[in-house]
Amino acid sequence: MLRQIEGSKAVGEAVRLARPQVICAYPISPQTHIVEYLSRLVKAGSLVGCEYLNVDSEFSAMSGAIGASATGARTYTATASQGLLYMVEAVYNASGLGLPIVMTVANRALGAPINIWNDQSDSMSQRDSGWLQLYAEDNQDAVDLHIQAFRIAEELSLPVMVCMDGFILTHAVEAVDLPTQEQIDAFLPAYEPRQVLDPAEPVSIGAMVGPEAFTEVRYLAHQQQMHALDLIPQVAAEYEAATGRAAGGLVSTYRTDDADTVVVALGSVVGTLKDTVDELRDEGRKVGVLAIKSYRPFPLQAIREAIGHIPTVVVLERAFAVGIGGIVAPEVRTALRGLDYRNYCVIAGLGGRPVLKTSLRDMIGKAESGTLAKLTFLDLNQELIDHELARMEAKRRSGPAAANIRRELGAGRGHL
Amino acid sequence: MFQVRFHGRGGQGVVTAADLLAFAAFDNGRFAQAFPNFGSERMGAPVVSYCRIDDRPIRNREPVIEPDALVIQDSTLLRQVDLFSGFKSDGFVVVNTTRSLEELGLSDLVAGHTPGRIVTVPATEVAMRHVGKPMPNAALLGALAALTGIVEPGAIEKAIHQRFPSAVAEANVAAAIEVFDIVSGSREESVNA
């Protein structure tokens, strides 16, 4: 049924449809509305057979989720930003132990400096954690991906993060078509664990593994993710059969067939990019968009097949690796290895900076003419940086840069 | 596409106003997207929220840069924030105030503008009478609906009822309808004049 609903509540409804048995969470902005909503559903008795564990930290949230999942319960949690970092030790254990937990990451910047707004630094910091990572373009996508995530996770016995841009999606009210319980019950059968802690048949989970077998255990984890490259499109097809809606998959393309330039991106910025592309197409410019839906596993072959024919490729990222630059861009270059094309990496939307159509148009124009810098920070205020660099040059005890830059901007005074 | 930007302060229901407008537009069979531009979430701090309404799905996620309508929930922001950034010369403005546009220093804005598109309403006073709290958002939505015709008043009424318990909803609906009637009436007059 089509409903006008806040993104967080829509995700709460999607999780309800998946019939989780344990939800173990700790609130942090911008994820809070999701777990608040779910806790209300449990308390009101409208999430039957589900226990909600209100814990004292994110570390406890993931530890509780691990325990619950190991006993064979369908388990869900959600977090963001420093909350994700606080649970990292347990995050790696969840994947290493092969526990199919589904977790929403309501993407938010990492501090310091502290910042509550959106970028994807948090989930990108866990790209090597052994979890699968799916990225939602809009709230419909977020709903569909969450339901698919349970199927994928349980089939592989691996945990899945569903990443959705904090505030931009979690706090956006828009129309979402929620599947019916009957549709989802048919699509997502009860969880049948591959391993389970059962007093009647005792086993140990989490054995120590030495040099003689550690490589093999890790290799198997990689194999499982490679297997997911086949499973994810298959689950998407089954979801479409069950609900009538195409969603999920490894990548999605928009007007790429005859494109001379393509922008590759993840998450909510894809929507703004599609609008920008439509405007440029109206001007006769051959531009398209590739959305990476599954970032882990990384769909090398699907990307090569989708955009290997396009001579100019811009990877737009909402996070970056200090000391090298793009995180996604080098992986896209791996996908396109050996092809003759121009590639650019653009870092945009850090810490909640809006990604504007005018800036995207400018970026695409420069890529088309070959004048875009290989590594570009979109809408960078160079004057502000030069000023701070000069201050640092002039005086050794120049003070904290973040505070200096804020003062320089006249923070709090008159900007949207 | 019709784009609205709401300006107010934390605690004035600025985010709720955009949400309610989106719910009302959805009820009228349209596509709508509402989202906040959160700053530090504290009482009194400037808050901005946005609502887009269209006949097709809305994909753009950038803030509303060039609003078709502005709702100013707190006129003290006029001195603090560039409220009219990107504003069009034929755009609509609803200002919550008991003062005149001249007293607010907006004479220049009015002079170069399509006549009848900038209105002031005493939304806080109306809210105090009906709701008993300085919560002007519902009343301002009534004014916006009357001024622009972008949503039907019945849809706003329904959105308010969906959002709030019945007693609170009734009070807010009464505030919205009162202001809707005031602004509709004054528009009739200006059309007849």
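The dialogue below walks through the contacts, salt bridges and sheets of a predicted model.

Guide: Welcome! This is a predicted model in which local features need pLDDT of at least 70 and side-chain atom pairs count only at pLDDT 80 or more, while totals for chains, interfaces and linings use all residues. Residues are numbered from 1 along each chain as its sequence is written, chains are lettered from A and ligands numbered from 1 in the order in which they are written, and side-chain values use heavy atoms, with hydrogens and water left out.

Visitor: What makes residues of chain B and chain A count as in contact, and how many do?

Guide: Contact means heavy atoms within 4.5 Å. By that rule, 26 residues of chain B touch 30 residues of chain A.

Visitor: How much area do chain B and chain A bury between them?

Guide: About 2300 Å², with 56% of it on carbon and sulfur atoms. Buried area is the accessible area (1.4 Å probe) that two parts lose on being put together, summed over both. In chain B, the residues that lose the most area to chain A are B:Phe26, B:Arg59 and B:Arg61, together 33% of what that side buries.

Visitor: Why is the pair B:Arg61 and A:Glu174 called a salt bridge?

Guide: The term asks for a side-chain nitrogen of Lys or Arg within 4 Å of a carboxyl oxygen of Asp or Glu. For B:Arg61 and A:Glu174 the N to O distance is 2.8 Å, so the pair meets the definition. The count between chain B and chain A is 3 salt bridges, and the structure holds 34 over all chains.

Visitor: Which elements of chain B give two or more residues to the side that touches chain A?

Guide: They are β1 (2–9), α1 (14–27) and β2 (31–37) of chain B. Helices (H or I, at least four residues) and strands (E, at least two) are DSSP runs, numbered from the N terminus. The largest share, 6 residues, comes from β2(B).

Visitor: How do you know that A:Arg40 and A:Glu36 form a salt bridge, and where do they sit in helix α2 of chain A?

Guide: Their closest N and O atoms are 3.8 Å apart, so they pass the 4 Å limit given above. The two residues are 4 apart in helix α2 (residues 32–43) of chain A, which means that about one helical turn separates them.

Visitor: What makes β3 and β12 of chain A edge strands?

Guide: Two strands pair if DSSP finds at least two bridges between them. The open sheet with mixed pairing has 7 strands in the order β3-β2-β4-β5-β7-β6-β12 (chain A). β3 (51–54) and β12 (294–296) each have a single partner strand, so one side of each is left without a neighbour in the sheet.

Visitor: Why are β4 and β5 of chain A called paired?

Guide: Strand β4 (residues 75–79) and strand β5 (residues 102–107) of chain A share 4 bridges in the parallel sense, so they satisfy the rule of at least two. Within this pairing, A:Ala78 stands opposite A:Thr104 in β5(A).

Visitor: What is the strand order of the open sheet that includes β10 and β13 of chain A?

Guide: Its 6 strands run β9-β11-β10-β13-β14-β15 (chain A), with mixed pairing. The edge strands are β9 (251–254) and β15 (375–377) of chain A. Strands β10 (residues 261–265) and β13 (residues 312–317) of chain A pair in the parallel sense over 4 bridges, and A:Val263 has A:Val314 as its bridge partner in β13(A). Helix α10 (residues 269–282) of chain A packs on this sheet, its direction making about 165 degrees with that of β11(A). Axes are lines fitted to C-alpha atoms, for helices over the stretch in contact, and angles run from 0 to 180 degrees between N-to-C directions.
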